[in-house]
Number of protein chains: 2
Amino acid sequence: MLGTKNRSSGRGHDVKRPSIGDVARHAGVSTATVSRALNAPGTVAEKTRRKVQQAVDALHYVQSETARNFKKQRASAVLVVASDIGNIYYSEIFRGIQRRAEASNYAISIANPSPGGTREMILSTLRTARVDGVIILSGHQIADADLGLLRQLYAGPPPLVALSEERGSLKIPHVLIDNERAGCLAGRHLVAMGHKRIGHVQGPHDTPVRRARRNGLRRALAEAGLSLDADHLFEGGFNAEGGRAAAERFLTLEERPTAVFCANDEAAMGFIAQLHHHGIAVPRDLSVMGFDDIALADTYVPALTTVHQPREEMGREAMGLLLDIIEKRLADPVPVVELPVHLVPRDSVRAFDDGSGKQ
Amino acid sequence: MLGTKNRSSGRGHDVKRPSIGDVARHAGVSTATVSRALNAPGTVAEKTRRKVQQAVDALHYVQSETARNFKKQRASAVLVVASDIGNIYYSEIFRGIQRRAEASNYAISIANPSPGGTREMILSTLRTARVDGVIILSGHQIADADLGLLRQLYAGPPPLVALSEERGSLKIPHVLIDNERAGCLAGRHLVAMGHKRIGHVQGPHDTPVRRARRNGLRRALAEAGLSLDADHLFEGGFNAEGGRAAAERFLTLEERPTAVFCANDEAAMGFIAQLHHHGIAVPRDLSVMGFDDIALADTYVPALTTVHQPREEMGREAMGLLLDIIEKRLADPVPVVELPVHLVPRDSVRAFDDGSGKQ
């Protein structure tokens with residue numbers, strides 16, 4: 001740690017590590033205030049805290065006492081940062097994190113930062129070492145500059161792991177599935193069941209997952225000499241309402257697909273429920289496939305054919321990676337753990353039968 | 001605060017407040033260690049921390065600095081303590097807490113204590129004022145002695161609110177529904193739909209909710225001169241597996257009920273799905289009712305008739321009560337907020353028709 005030079009400082013000539021006095025002068029406050037702002041942020045005014053934080057950022061100040069005490073100060077607790085605590089998709093991820101944490105006697109706490117406050121929450125939590133590490137659920141990333149600073153503070157990889165939607169350019173360890181491959185798996189299953197006109201209820205706008213699952217489906221169709229008709233590509237999203245809306249558009253089509261792959265299980269359930277209201281039965285009249293294999297997919301009527309996303313295992317793996325960092329067992333500097341998905345054939349997809357006039 | 005006498009101290013003659021030195025002597029450690037154990041528990045050995053905590057408990061020691069600084073030290077954060085973070089039942093409660101918290105610029109964090117560690121987590125969090133308050137989800141209670149101590153520390157009601165399963169003898173503000181009345185509401189609906197042989201898939205063993213919902217159903221039947229046949233009372237629980245198991249027992253009956261009220265929606269879904277596998281269709285052959293109105297109840301096939309438990313509102317109310325305590329607006333010392341439930345008639349219950357031989 002002491003050998004690390006502060007290369008990224010804005011003040012190019014300054015190779016000396018900035019002191020707490022430097023931060024205090026830069027912020028125009030006392031050193032005691034700097035210390036309180038960093039270690040007990042609740043005790044200073046928000047404006048002061050922000051001024052100190054700006055000085056810390058500008059000088060790339062590293063709290064030496066915090067750094068020195070890391071090993072002794074283990075809190076045996078990690079923080080999970082999630083954008084929407086109420087989302088049932090997260091339930092099994094939380095459970096996986098929790099079980100792995102319990103096995104190592106770590107407590108977990110889950111926080112839901114105010115919109116836009118994610119980065120600040122992660123940095124302040126790690127700087128003050130209130131927890132031993134942080135898991136960021138998908139959608140939350142952190143800037144390279146922040147990582148550089150944390151790297152210096154921790155004299156190595158900061159204890160930060162993401163559950164991610166895509167490989168992208170993340171510079172921290174992360175756990176993910178290959179969503180394009182998974183979409184392709186779904187498409188191949190529908191093709192194998194004899195379907196030729198296949199539709200898709202898409203994931204939420206502007207998400208990597210939307211593109212990846214759709215592209216995977218396209219690939220499976222192309223392999224079979226089929227294509228994804230623009231009329232058969234429905235807006236949907238990741239909830240039942242989106243699936244219902246897609247069903248309403250489906251009903252207006254003259255030439256309907258015989259099978260529809262929905263971007264997740266909740267959308268598939270909404271799609272099926274809405275068609276049911278219009279007298280269209282799944283799988284009698286139409287095959288429908290979901291994605292995720294949520295707890296209730298198996299309990300739906302019809303039981304939902306879907307792609308299993310190993311969410312509990314993803315949570316476990318993320319927590320495992322984090323413990324590897326905390327306990328200095330990490331070999332690979334930025335490991336990426338890609339977990340396999342698998343098809344779960346149930347009752348909502350059936351073989352297409354051209355002879356009968358309808359499926 | 002300074003006027004409060006330490007009446008509950010075990011040492012009857014001692015009306016002086018114990019000092020940090022008293023705690024240190026009692027625990028056989030230095031005052032610095034006591035301070036660290038209370039304010040930065042991660043920095044001392046677990047054994048030492050426990051020794052200090054025992055001394056604090058024995059002497060009813062109140063950290064004067066913490067007490068003095070409460071107003072200044074507002075963290076604008078509250079802790080939610082839940083036994084099973086991965087339970088989808090909690091999702092909407094979390095969301096309600098989160099929305100109310102955001103409206104007042106409070107951050108929330110959710111913690112899942114190790115088994116048996118709930119009381120310790122709550123006490124240490126409140127004593128060290130790391131958050132402004134705690135919401136305990138159902139099933140977690142705290143001893144009267146702890147409350148006495150917290151009351152003294154906070155010079156008034158401690159910032160502690162429960163989402164509770166029953167009125168019971170809880171001495172802290174809590175939010176709940178009347179589960180017996182709700183069970184009665186379900187029963188009256190089935191009776192009003194013409195059903196006379198009504199069954200019940202019960203909630204988990206040894207829970208107040210199990211007794212209350214079953215008793216409510218019994219009351220509704222008694223009002224109509226009907227009774228709950230012992231053969232029609234199934235073990236179930238709060239998940240789909242329990243509902244499936246109940247369905248298997250249902251199938252062995254010679255004289256089956258024409259309607260079944262399940263203790264929650266997940267059990268109802270499992271019950272229906274399992275009957276579906278055996279060719280029994282709901283509501284054609286049997287009416288089934290759930291409880292809770294979870295997000296997917298509406299999206300089930302058939303859409304589930306159920307009793308709406310206002311979980312998001314319960315979360316909001318609990319957070320609102322907590323803010324009232326934190327911000328000293330509380331009029332009633334131990335308010336109990338009972339929220340109304342309502343029936344949601346959908347497709348899984350239909351009128352019983354004696355004429356047809358089957359429903």
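How many salt bridges are there between chain B and chain A? In this predicted model, the count comes to 2. In one salt bridge, B:Arg244 is joined to A:Asp298, and the closest N and O atoms there sit 3.7 Å apart. Polar contacts turn up as well: 5 residue pairs make them across the interface of the two chains, with both residues at pLDDT 80 or more.

So much for the charged and polar links; next comes the extent of the interface. Its size is put in terms of area, and here about 3,100 Å² is buried between chain B and chain A, with carbon and sulfur atoms giving 59% of that. On the chain B side, the residues that lose the most area to chain A are B:Leu296, B:Thr299 and B:Val301, which together make up 19% of what that side buries. As for head count, chain A brings 36 residues to the contact and chain B brings 36 residues too.

Which elements of chain B give two or more residues to the side that touches chain A? They are α5 (89–103), β2 (107–111), α10 (240–251) and α11 (265–277). Of these, α11(B) gives the most, with 7 residues. Sorted by class, this side of chain B holds 14 nonpolar, 14 polar and 8 charged residues.

The strands get involved too. Strand β2 of chain A, residues 107–111, pairs with β2(B) in the antiparallel sense, over 3 bridges. Within that pairing, A:Ala111 has B:Ser109 of β2(B) as its bridge partner.

Notes:
Residues are numbered from 1 along each chain as its sequence is written. Chains are lettered from A and ligands numbered from 1 in the order in which they are written. This is a predicted model: local features need pLDDT of at least 70, side-chain atom pairs count only at pLDDT 80 or more; totals for chains, interfaces and linings use all residues. Side-chain values use heavy atoms; hydrogens and water are left out. Contact means heavy atoms within 4.5 Å. Buried area is the accessible area (1.4 Å probe) that two parts lose on being put together, summed over both. A salt bridge is a side-chain nitrogen of Lys or Arg within 4 Å of a carboxyl oxygen of Asp or Glu. A polar contact is a pair of N or O atoms within 3.5 Å; within protein, one must be able to donate a hydrogen and the other to accept it, and residues adjacent in sequence count only if both atoms are side-chain atoms. Helices (H or I, at least four residues) and strands (E, at least two) are DSSP runs, numbered from the N terminus. Ala, Val, Leu, Ile, Met, Phe, Trp, Tyr, Cys and Pro count as nonpolar, Asp, Glu, Lys and Arg as charged, and the others, Gly among them, as polar. Two strands pair if DSSP finds at least two bridges between them.
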